[in-house]
Amino acid sequence: MAELITSRLSGFHKLPMADRLGTVSRMFRLTLEESNAMNGVGGLSNDTANTMIENAIGVFKLPLGLGLNLQINGRDYVVPMAVEEPSVIAAVSFAAKIAREGGGFTAEADDPIMIGQVQVTSFGDPTQAASKLVAHKEQLLALANSFHPSMIQRGGGARDIEVRVLPAPEGPKGEPILVLHLLIDTQDAMGANLINTMCEGVAPLVEQITGGKVFLRILSNLADRRLARATCRIPVASLADFDLTGETIAEGIVQASRFASADPYRAATHNKGVMNGIDSVAIATGQDWRAIEAGAHAFACRDGQYRPLSTWRLEEGHLVGRIELPLALGMVGGPIKIHPQVQAALKILRVTSARELSLVMAAVGLAQNFAAVRALGSVGIQKGHMALHARCVAVTAGARGLWVEKVANALVTAGHVKVEKAKELLASMMRDEALAGQPVP
Ligand code: NDP
């Protein structure tokens with residue numbers, strides 16, 4: 001019988017890996033093939049990899065884990081995350097547990113409108129060329145849609161145009177840049193291919209209308225018409241930890257937010273933390289994470305200064321976190337339908353649209369950021385991070401099996417998480433156990 005679906009899986013991290021997979025396989029009714037895809041026994045085959053990229057020689061693996069405790073708009077989500085960095089999944093799960101106490105996350109997203117760009121040159125008078133394009137809007141949209149009629153049938157397709165005249169980058173005597181934007185509803189696709197098809201398709205008409213010459217015809221990764229937003233409200237009292245009051249922790253988080261808003265050096269690191277969470281979900285769900293990264297960072301400097309994607313304020317006894325960023329995601333396209341692990345990940349995530357996926361990613365980004373600024377604004381991140389990092393150091397030093405945990409614990413106790421120290425500890429622990437006549441684990 002299927003277990004109740006909840007993301008609140010207490011004690012999950014203490015289970016052996018096989019039992020964790022067993023729990024989610026039962027909960028989400030994964031087939032044997034899907035379970036095997038998740039644990040790496042199955043998954044992406046060399047043959048499929050060979051069809052995806054050029055000069056393929058194999059398949060690259062990353063650790064896959066589950067972000068827990070996420071509740072978004074009242075619904076529980078168990079979130080597959082592929083990431084090599086320790087502490088990211090623990091941080092998201094921890095933050096989501098605290099946010100859950102305040103009612104979880106609320107999230108929403110825009111329609112999936114993407115921008116395709118057509119660059120025009122040698123157009124003569126820019127104002128006249130721009131007016132001519134605007135006057136031919138319906139003709140341009142009809143032509144764009146003729147290259148992808150199935151998108152219209154799905155309720156999407158090219159919906160509008162914009163014409164932009166940008167100052168010449170090389171100085172007053174240079175020709176201004178004339179750009180036609182096609183605003184295209186890509187439904188459940190990220191949309192790059194269909195947008196590029198439409199942009200290339202309308203280019204001859206654009207040349208005819210303006211008398212100019214078209215050069216670039218491609219989507220913009222600054223998907224600022226396709227924003228996702230998430231919010232959480234955490235009672236200040238529930239933030240108390242590390243022998244500090246909730247007020248003190250909240251103050252540290254608000255100060256971290258102010259710092260990032262004022263300083264691009266800090267904002268870059270703040271947003272790196274946000275993207276730790278978002279990229280991990282993006283990779284596990286087969287998204288183009290370079291496109292997401294490009295869009296997020298371009299959006300972060302939309303007013304001329306690079307700023308944080310998320311902010312934290314105190315409002316009526318609550319710490320309120322908000323995040324907003326472009327998320328051009330797909331449930332189809334790219335590797336999504338052909339990568340077995342991606343399909344199993346989407347089954348666990350239970351999202352039914354690219355929009356719903358964007359809500360999850362926005363909430364995960366906010367959760368990740370909360371965990372980071374909570375530690376940074378109080379006791380610092382090294383204590384928690386080093387405890388998790390110690391396991392990697394132990395493995396690098398040669399520890400395997402039960403030795404990994406033993407050496408990692410000893411490293412943390414010694415307060416010296418370094419490979420040389422780990423080698424020393426491993427050698428001395430193995431020697432002691434051998435001398436005591438115990439079987440080496
Ligand atoms: P695909 O072209 O692979 O898939 C999208 C297609 O899926 C649609 O055109 C549509 O085709 C079909 N489809 C089926 N169901 C739906 C649905 N419900 N909603 C929407 N479309 C549906 O991928 P994308 O166009 O999304 O492009 C994404 C890929 O492009 C990624 O792999 C990305 O890496 C890559 N890319 C990215 C670039 C960038 O970011 N700058 C540049 C170039 C490529 P149909 O109507 O025919 O069924």
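**Exercise 1.** Which helix supplies the largest share of the shell around the ligand?

*Solution.* This is a predicted model, in which local features need pLDDT of at least 70 and side-chain atom pairs count only at pLDDT 80 or more, while totals for chains, interfaces and linings use all residues. Residues are numbered from 1 along each chain as its sequence is written, and side-chain values use heavy atoms, with hydrogens and water left out.

Step 1. A residue belongs to the shell if one of its heavy atoms lies within 4 Å of the ligand; of the 21 such residues, H148, S150, R154, G191 and D288 come nearest.

Step 2. Helices are DSSP runs of H or I with at least four residues, strands runs of E with at least two, numbered from the N terminus. Both α7 (149-153) and α8 (192-210) give at least two shell residues.

Step 3. The largest share, four residues, comes from α8.

**Exercise 2.** Identify the polar contacts of the ligand with S150 and D188.

*Solution.* Step 1. A polar contact is a pair of N or O atoms within 3.5 Å.

Step 2. For S150, a side-chain N or O atom is 2.4 Å from a ligand oxygen. For D188, a polar backbone atom is 3.1 Å from a ligand nitrogen.

**Exercise 3.** Classify the aromatic pair found in the whole structure.

*Solution.* Step 1. Rings of Phe, Tyr and Trp (its six-membered ring) pair if their centres lie within 6.5 Å; planes under 30 degrees apart are stacked, over 60 edge-to-face, the rest tilted.

Step 2. The ring centres of W312 and F370 are 5.5 Å apart and their planes are at 50°, so the pair is tilted.

Terms used. A polar contact is a pair of N or O atoms within 3.5 Å; within protein, one must be able to donate a hydrogen and the other to accept it, and residues adjacent in sequence count only if both atoms are side-chain atoms.
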